Amino acid sequence: EAIKPKEKVLSEMKVFALRGELSKEVLRPLNADARNCPLGDPAILMPKIYSPTNIQKKFRLGIVPHLADADSPWISVFERIKGVTILRLDQNPILFINKLNECDYIASSSLHGLVLADAYSIPNVRLKLSDRIVGGDFKFNDYYSTMFASITHFEVAEEDLAVNLTSYFGDRPQAQMQTVPGTNVYIHVNNDEADRIMIDPAYK
């Protein structure tokens, strides 16, 4: 559920825009501004502020962990996989965006990793590493409520760490579907782009 301030604060504040339909539903009974305001996460406008040039694709997959997931044991697993890079949120924003654009695909447990990937037209999927994110799924569902895309994500658990993922990432792997034993993580190598890895949650 959303974390809601006191109703008096909500009713008196000036609302210029909201992230999505769920925020609108929370505020609409309390604040007239919320009834007809624009919807969308402001980070989607980042390319209007900064658009990197001369960026070459270097990584098949970029992992963006939320700050709450920074110490997840899965991060060290992903770091050992060829073609995968970890994008830390606590770095310089320009460097972060440059590295984001060096990735073919993004899997992020941070909402703004997903929003920025959308902003720069990078295919992405939500990665759920833990239940530590304050507010749970609310902000993700709120953001996606303004889009036509279906809401998908995949989860990994600490007990799945015994799985050796490295062997699934070759230099130029053959097109195939592989299920990681004991998890709901599916790694799909696109037939049309055999040198790229795509995390595809549609096969859950």
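Contact here means heavy atoms within 4.5 Å. With that in hand, the packing around helix H6 (111-119) can be followed in this predicted model. Seven of the nine residues of H6 are buried, so the helix is largely enclosed by the rest of the structure. The buried set runs through Leu111, Gly113, Leu114, Val115, Leu116, Ala117 and Ala119. Together they pack against quite a list of elements: H3, S1, helix H5 (93-100), strand S3 (103-108), S4 and helix H7 (138-144).

Just ahead of this helix, in the loop between S3 and H6, sits Ser109. Its relative accessible area is 1%, so Ser109 counts as buried. The Ser109 side chain is well occupied with polar partners: one contact, at 2.7 Å, goes to the backbone nitrogen of His66, and another, at 2.8 Å, goes to the side chain of Asp69. Setting aside neighbours within four places in sequence, Ser109 is in contact with Val64, Pro65, His66, Asp69, Leu127, Leu129, Ile133 and Phe140.

Phe140, one of those contacts of Ser109, turns up again in a charge-over-ring arrangement. The charged end of Arg126 sits over the Phe140 ring, 3.7 Å from its centre. A second case involves Lys14, which lies over the face of Phe16 at 5.9 Å from the ring centre.

As for rings meeting rings, searching the whole structure turns up two aromatic pairs. In one of them, Tyr143 and Tyr144 have ring centres 5.1 Å apart and planes at 55°, so this pair is tilted. Both tyrosines are buried, Tyr143 and Tyr144 alike.

The backbone has a couple of spots worth a look too. Most residues other than glycine have a negative phi. Ser121, though not a glycine, has a positive phi of about 60°. Ser121 follows H6 and belongs to the loop that links helix H6 (111-119) to strand S4 (124-128). Unlike the buried Ser109, Ser121 is exposed, because its relative accessibility comes to 66%. Asn54 is another non-glycine residue with a positive phi, in this case near 55°. Its place is the loop between helix H3 (46-49) and strand S1 (59-64). With a relative accessibility of 76%, Asn54 counts as exposed. The elements on either side of the Asn54 loop, H3 and S1, are among those against which the buried residues of H6 pack.

Conventions. Residues are numbered from 1 along each chain as its sequence is written. This is a predicted model: local features need pLDDT of at least 70, side-chain atom pairs count only at pLDDT 80 or more; totals for chains, interfaces and linings use all residues. Side-chain values use heavy atoms; hydrogens and water are left out. Rings of Phe, Tyr and Trp (its six-membered ring) pair if their centres lie within 6.5 Å; planes under 30 degrees apart count as stacked, over 60 as edge-to-face and the rest as tilted. Buried means under 20% relative accessible area, exposed over 50%, partly exposed in between (1.4 Å probe, protein chains only). A charge sits over a ring if NZ of Lys or CZ of Arg is within 6 Å of the ring centre and within 35 degrees of the ring normal. Helices (H or I, at least four residues) and strands (E, at least two) are DSSP runs, numbered from the N terminus. A polar contact is a pair of N or O atoms within 3.5 Å; within protein, one must be able to donate a hydrogen and the other to accept it, and residues adjacent in sequence count only if both atoms are side-chain atoms.
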